[in-house]
Amino acid sequence: QLQLVESGGGLVQPGGSLRLSCVASGFTLDAYTVGWFRQAPGKEREAVSCISSGVEIAYYTDSVKGRFTISRDNAKNTVYLQMNSLKPDDTAVYYCAAGGTWGTSPQAMCVGRTARDYWGQGTEVTVSA
C-alpha cells in the first residue's frame, strides 16, 4: 500500500519549535519532489515548502522563509519540516504530498504546476499561548 504518514504536530507556544516528519511506505520517496502544505480553519490549503529529488533544492513560501527548513533523509524514506519561531498564524493542519519525477522543480510542486500524486492524512499544529 502506497502511503505517506505525517507526525510531529502538537501544541506549542509562540516562538517555539516543532519538527514534522513525513514517512513514505510502499514507494521510494527520493524519486519524487515532496512538499508540505497547510490548511487553517476556514482558509484554503496553501503551500509551505517543497524540496526536489536528487539535488535537494528547496522552495519556501514568503511567510515561512528564514523560519522553516525542509530536508530529506533518504535512508529513512522521510522528509522533515523544521519549524522555528512559530507564530499563531502558523496554526493549521499540515500535510505532505509527493509528486512529479526526478528533477521536478520544487517551485512547480508548490505552486501547483506539478500534480501531487500522494497525500498524507495530516498532522495538526496549534501555536497558542
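Ring pairs gather Phe27, Tyr32 and Tyr118 into a cluster. The model is a predicted one, and a search through the whole of it turns up five aromatic pairs. One of them is Tyr32 with Tyr118, an edge-to-face arrangement with 5.7 Å centre to centre and 90° between the planes. Tyr32 sits in the loop between strand E3 (18–25) and strand E4 (33–39), while Tyr118 belongs to strand E10 (residues 116–119), so this pair ties together parts of the chain that are 86 residues apart in sequence. Tyr32 has 18% relative accessibility and the cut-off for buried is under 20%, so Tyr32 counts as buried.

Another of the aromatic pairs brings Phe37 together with Trp119. Here the geometry is tilted, with 5.1 Å centre to centre and 55° between the planes. This contact, too, links distant parts of the chain: Phe37 is in strand E4 and Trp119 in strand E10, 82 residues apart. As for solvent, Phe37 is buried, at a relative accessible area of 1%, whereas Trp119 is partly exposed, at 30%. Aromatic rings also meet charge in this model: Arg19 lies over the face of Tyr80, at 4.1 Å from the ring centre.

On to the charged side chains. Side chains of opposite charge can pair when their charged atoms come close. Searching the whole structure gives four salt bridges. Arg38 takes part in a salt bridge with Glu46, with the closest N and O atoms 2.6 Å apart. The two partners sit in unlike surroundings: Arg38 counts as buried at 4% relative accessibility, and Glu46 counts as partly exposed at 35%.

Arg38 also meets Asp90 in a salt bridge, at 2.9 Å from N to O. That pair links distant parts of the chain, with Asp90 in the loop between strand E8 (78–83) and strand E9 (92–99) and Arg38 in strand E4, 52 residues apart. Asp90 is buried, its relative accessible area being just 2%. Asp90 has a salt bridge with Arg67 as well, and there the closest N and O atoms are 2.7 Å apart. Again distant parts of the chain are linked, as Arg67 lies in the loop between strand E6 (58–60) and strand E7 (68–73) and Asp90 in the loop between E8 and E9, 23 residues apart. Arg67 counts as buried too, at 10% relative accessibility. Through shared partners, these salt bridges join Arg38, Glu46, Arg67 and Asp90 into one network.

That leaves the strands. Strands of a sheet pair through backbone hydrogen bonds, either parallel or antiparallel. In this model, four strands make up an open sheet in the order E1-E3-E8-E7, and the pairing is antiparallel. Strand E1 (3–7) and E7 are the edge strands, each pairing on one side only. From one strand to the next, the twist averages 15°. E1 and E3 run antiparallel and are joined by five bridges. At the level of single residues, Glu6 has Cys22 in E3 as its bridge partner. E3, which pairs with E1 in this sheet, is also one of the two strands flanking the loop that holds Tyr32. E8 likewise has a place in the sheet, and the loop between E8 and E9 carries Asp90.

How values were computed. Residues are numbered from 1 along each chain as its sequence is written. This is a predicted model: local features need pLDDT of at least 70, side-chain atom pairs count only at pLDDT 80 or more; totals for chains, interfaces and linings use all residues. Side-chain values use heavy atoms; hydrogens and water are left out. Rings of Phe, Tyr and Trp (its six-membered ring) pair if their centres lie within 6.5 Å; planes under 30 degrees apart count as stacked, over 60 as edge-to-face and the rest as tilted. Buried means under 20% relative accessible area, exposed over 50%, partly exposed in between (1.4 Å probe, protein chains only). A charge sits over a ring if NZ of Lys or CZ of Arg is within 6 Å of the ring centre and within 35 degrees of the ring normal. A salt bridge is a side-chain nitrogen of Lys or Arg within 4 Å of a carboxyl oxygen of Asp or Glu. Two strands pair if DSSP finds at least two bridges between them. Axes are lines fitted to C-alpha atoms, for helices over the stretch in contact, and angles run from 0 to 180 degrees between N-to-C directions.
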